[in-house]
Amino acid sequence: MTVTKDIIQVGVNDRTLDLFEGQYIVPEGMAYNSYLIKDEKIAVMDSVEGGFSAEWLKNIEAASDGREPDYLIVQHMEPDHSSSITAFMEKYPRAVIAASSKAFPMLKNFYSAEYPDRQLVISDGDTLELGRHILGFIAAPMVHWPEVMMTYDRTDKVFFSADAFGKFGASDADEDWACEARRYYFGIVGKYGAQVQALLKKAANLEIDAICPLHGPVLTENLPYYINLYDIWSSYGVESEGVVINYTSVYGNTEKAAKLLAQKLEAKGCPKIALNDLARCDMAEAVEDTFRYGKIVLATTTYNGDIFPFMRQFIGDLTERGIKNKKIALIENGSWGPMAIKKMTAMLEGMKNIEYAENQVTIKSALSPESEAAIEALADELMK
Ligand code: FEO
């Protein structure tokens, strides 16, 4: 695929992967993007996952008309992008790796590879001339690793954004961008909102015609839409009006409460309701929903003097990513000593700008007229 006359996508699609980064399901596979910039000198932007080295090297050969690449620009050292570097360096013994100073020790640690005479250390603001094309480097530490360096092609106005603006799914997957980009963002980058905000400020000064991420499709149209979503996500803002209800249930009674609340919200005109059974749904989907909406309901059972394990894991996923700027409503169930609200509140302590709903719901084993009335009052409060 051609991005511009001189920039060619030479990446690969992985349709065999079960779990990306060992935890995220990828029903539509995964793309490991790589780009070749053809000029007086040839630069290749990042490598691909090691199982696809041969396919990637073949793509490079086809795109470079038999010429040898001069540079491998390593923007990110996570193995989905770095584990074919050694195959490249072996095939092209005159090529030089351009990367940040933090990338080279990672190369040594991951692959016992150093190439002392073939290193070009680049820093924020440096440029590299390939001929007509001038590449400017933009340090993006902790988006989402410390060594990350992004690249702006001043000639073609193309922004190579490393993992930013990436998504789950092969590059030819026929699916909504935002859904899988949001799940990817909050799963993998979500903790680093401040760093993404810093990057967006730097990128605001660039005139960009195309964004070339390391995963998912090349973005060429309606770029303000994607940039605006990244701004909302990284500032922990509200993307969609509505309520997300995350619950666990042992015998179905807490589930009944969650569904009753959903029905009441719907009857009162709530624009969107996301309902997640944390024991059965994709937890990463529930995480992205929770960051998407401003109003969150957590409903769980008191269990072994604590809360049900799936909810404990879920709240851990939220606090690990620094959840903030939310209104949270709590529903607990407990047959003899309900304490889930107390436990959930303790787990969320320290999170910034969290407002708790005044109406809390306690269920003793199963719904009763009292707890149903409390759910009604909670629904009213959430609709205010
Ligand atoms: Fe796509 Fe952070 O690796």
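## A walk from the sheet to helix H9

Start with the open sheet of this predicted model: its 6 strands follow the order E1-E6-E7-E8-E9-E10, and their pairing is mixed. Now color strand E1 (7-9) and strand E10 (119-121). These two stand at the edges with a single partner strand each, so one side of each has no neighbour in the sheet. Looking across the sheet, you will find neighbouring strands turned by 20 degrees against each other on average, direction ignored.

Next, zoom in on E1 and strand E6 (residues 35-38), which pair in the antiparallel sense over 3 bridges. Select Gln9 there: its bridge partner in E6 is Tyr35.

Add helix H1 (residues 53-63), which packs on the sheet and touches E1, E6, strand E7 (42-45) and strand E8 (71-73). The direction of H1 makes about 20 degrees with that of E6. Then select helix H4 (residues 103-111), lying across strand E9 (96-99) and E10 and running at about 120 degrees to E9.

Time to move on to a pair of helices. Show helix H5 (residues 177-189) together with H9: they pack at an angle of about 95 degrees, their axes 9 Å apart. That angle makes H5 roughly perpendicular to H9. Display side chains at this contact, where Cys179, Arg182, Arg183 and Phe186 of H5 meet Ala284, Glu285, Val287, Glu288, Phe291 and Arg292 of H9. The contact residues divide into 5 nonpolar, 5 charged and no polar.

Finish on helix H9 (residues 283-292) itself. Is H9 mostly covered or mostly uncovered? It is mostly covered, with 9 of its 10 residues buried. Among the buried ones are Met283, Asp289 and Thr290.

Definitions and conventions:
Residues are numbered from 1 along each chain as its sequence is written. This is a predicted model: local features need pLDDT of at least 70, side-chain atom pairs count only at pLDDT 80 or more; totals for chains, interfaces and linings use all residues. Side-chain values use heavy atoms; hydrogens and water are left out. Buried means under 20% relative accessible area, exposed over 50%, partly exposed in between (1.4 Å probe, protein chains only). Helices (H or I, at least four residues) and strands (E, at least two) are DSSP runs, numbered from the N terminus. Two strands pair if DSSP finds at least two bridges between them. Axes are lines fitted to C-alpha atoms, for helices over the stretch in contact, and angles run from 0 to 180 degrees between N-to-C directions. Contact means heavy atoms within 4.5 Å. Angles under 35 degrees count as roughly parallel, over 145 as roughly antiparallel, 65 to 115 as roughly perpendicular and the rest as oblique. Ala, Val, Leu, Ile, Met, Phe, Trp, Tyr, Cys and Pro count as nonpolar, Asp, Glu, Lys and Arg as charged, and the others, Gly among them, as polar.
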